[in-house]
Amino acid sequence: MTTEAAKFFATALTIAIGVLGPAIGIGMIGSKAVEALGRNPEAESAIRTTMILAIAFAEAVAIYALVVALIIKFV
Amino acid sequence: MEEHSKPHISIRAEKIFHILGFDVTNSLFLSFFVFLIFAIGALIYHHQSQSENKGKFYYLVNFIIKNLYNLFYSVLREKTDYFFPLLSSFFLFILFQNWFGLLPGVGSVLIKVKEHNELISVPLFRANTADLNTTLALAVISVFLSQVFAIKFLGLKAYINKFYRLKDPMSFFIGTLEIVSEISKMVSFAFRLFGNIFAGEVLLVIIAFLIPVLASFPFLILEVFVGFIQALVFSMLTTVFISVAIAKHH
């Protein structure tokens with residue numbers, strides 16, 4: 001395998017494996033938020049704020065993978 | 001693929017000129033304008049708050065600041081007044097830096113710069129938060145200040161007792177882990193903000209490169225939202241860390 005090919009593989013694998021965890025996490029956060037909404041509809045704004053914050057944290061992990069992938073690709 | 005057909009993506013901010021031996025990068029250059037607009041806005045607000053007939057601008061800023069205050073109040077309660085200037089400046093600074101990076105012309109206006117005896121064209125402007133130096137500086141300020149506030153509110157002895165206690169030998173191991181986690185907070189702060197904004201820039205460039213007309217518009221709206229959320233996340237996390245740091249240990 002040439003260095004160039006290894007770089008492409010590393011980029012693709014970094015982002016592909018790196019987003020698995022956050023994807024599951026965001027799905028779980030969303031499902032739990034909907035559950036909470038169904039149980040307690042008047043707390044909608046509080047639930048929405050907390051949900052968006054939690055999603056941002058889960059997404060940050062995917063962003064780390066993305067930054068690493070970009071560094072592999074462009075540096 | 002030929003060199004000129006690739007979109008221009010650079011992880012680091014590029015130097016555009018020198019002042020007194022200091023390199024001025026394109027992200028720093030844009031942040032000067034943000035500073036300027038910030039300062040002018042603050043002066044107008046101050047002027048209007050002193051005068052008899054207050055304008056719409058005054059009420060708009062008041063509305064924003066009141067909502068921010070309520071947001072931080074939900075975490076810090078009666079200590080909000082003390083921390084509010086720091087936290088709201090974090091929020092507004094990051095918000096404006098994020099949004100200025102989305103203005104038309106940022107990243108697309110190129111100038112020619114000489115580097116290693118070679119003339120290359122680099123963007124004149126770049127979002128300030130899409131530069132790792134800025135986000136790392138903000139992260140260091142945030143984490144360092146939470147330690148300072150902890151010492152101020154708890155006293156030096158109680159602060160050290162949070163990490164190491166003589167009675168408890170296990171705490172020498174756990175305390176070291178705590179110190180490592182404080183340092184990793186800095187890294188995660190810096191990379192979260194940098195990664196989100198930089199990834200947004202790359203996304204916009206790539207989409208505009210694939211489909212030149214109109215396709216990047218929904219992503220632009222998304223980036224406006226992401227910029228807001230990241231400013232909120234940064235300031236809320238700082239709030240939570242400060243409130244944890246100044247809480248009495250038991």
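B:Asp168 is partly exposed, with a relative accessible area of 26%. In this predicted model, its side chain meets that of B:Arg165 in a salt bridge, 3.3 Å from N to O. B:Arg165 is partly exposed too, at a relative accessible area of 27%. Elsewhere, salt bridges that share partners tie A:Lys32, A:Glu35 and A:Arg39 into one network. Across all chains, the structure holds five salt bridges.

Let's stay with that network in chain A for a moment. A:Arg39 pairs with A:Glu35 in a salt bridge whose closest N and O atoms are 3.9 Å apart. If you're scanning contacts yourself, keep in mind that the cut-off for a salt bridge is 4 Å, so at 3.9 Å this pair still counts. Both residues sit in helix H2 of chain A (residues 20–39), four residues apart, or about one turn of the helix. A:Arg39 counts as exposed, at 70% relative accessibility, while A:Glu35 is partly exposed, with a relative accessible area of 39%.

Helix H3 of chain A has a pair with that spacing as well: A:Glu44 and A:Arg48 lie four residues apart there, about one turn of the helix. They form a salt bridge, and the closest N and O atoms are 3.2 Å apart. A:Glu44 is partly exposed at a relative accessible area of 40%, and A:Arg48 counts as partly exposed at 42% relative accessibility.

Follow H3 of chain A along and you get to a contact between chains. The axes of this helix (residues 44–74) and of helix H7 of chain B (residues 217–245) come within 10 Å and cross at roughly 95°. That makes H3(A) roughly perpendicular to H7(B). Who touches whom? On the chain A side the residues are A:Ile52, A:Leu53, A:Ala56 and A:Phe57, and they meet B:Phe225, B:Ile229, B:Gln230, B:Val233, B:Met236 and B:Leu237 in H7(B). Sort the residues of this contact by type and you find nine nonpolar, one polar and no charged.

H7 of chain B has other spots to look at. B:Glu223 has its place in this helix, and is it buried or exposed, and what about a charged partner? B:Glu223 is buried yet has no salt bridge, and the nearest side chain of opposite charge, B:Arg126, is 13 Å away. Leaving out residues up to four places away in sequence, B:Glu223 touches B:Leu102, B:Asn196, B:Gly200, B:Leu203 and B:Leu204.

Further along H7 of chain B is B:Val240, which counts as partly exposed at 33% relative accessibility. B:Val240 and B:Val75 are 165 residues apart in sequence, but their C-alpha atoms are 7.0 Å apart in space.

Another glutamate to check is B:Glu182, placed in helix H6 of chain B. B:Glu182 is buried, with a relative accessible area of 15%. Not counting residues up to four places away in sequence, B:Glu182 touches B:Val143, B:Gln147 and B:Phe163.

Now for helix packing inside chain B. Two packed helices are described by the angle between their axes and the distance between the axes. Helix H3 of chain B (residues 80–100) and helix H4 of chain B (residues 132–154) pack at an angle of about 175°, with axes 13 Å apart. H3(B) and H4(B) are therefore roughly antiparallel to each other. H3(B) brings B:Tyr82, B:Phe83, B:Leu86, B:Phe90, B:Phe93 and B:Ile94 to the contact, and these meet B:Leu138, B:Ile141, B:Ser142, B:Leu145, B:Phe149, B:Lys152 and B:Phe153 in H4(B). By type, the residues of this contact divide into eleven nonpolar, one polar and one charged.

Finally, have a look at the backbone in two loops. Most residues other than glycine have a negative phi. Against that background, B:Arg77 has a positive phi near 55°. B:Arg77 lies in the loop between helix H2 (56–76) and H3 of chain B, and is partly exposed, with a relative accessible area of 42%. B:Leu214 has a positive phi as well, about 65°, although it is not a glycine. B:Leu214 belongs to the loop between helix H6 (170–210) and H7 of chain B, and counts as exposed at 71% relative accessibility.

Note on methods
Residues are numbered from 1 along each chain as its sequence is written. Chains are lettered from A and ligands numbered from 1 in the order in which they are written. This is a predicted model: local features need pLDDT of at least 70, side-chain atom pairs count only at pLDDT 80 or more; totals for chains, interfaces and linings use all residues. Side-chain values use heavy atoms; hydrogens and water are left out. Axes are lines fitted to C-alpha atoms, for helices over the stretch in contact, and angles run from 0 to 180 degrees between N-to-C directions. Angles under 35 degrees count as roughly parallel, over 145 as roughly antiparallel, 65 to 115 as roughly perpendicular and the rest as oblique. Contact means heavy atoms within 4.5 Å. Ala, Val, Leu, Ile, Met, Phe, Trp, Tyr, Cys and Pro count as nonpolar, Asp, Glu, Lys and Arg as charged, and the others, Gly among them, as polar. Buried means under 20% relative accessible area, exposed over 50%, partly exposed in between (1.4 Å probe, protein chains only). Lys and Arg count as positive and Asp and Glu as negative; His and the chain ends are not counted.
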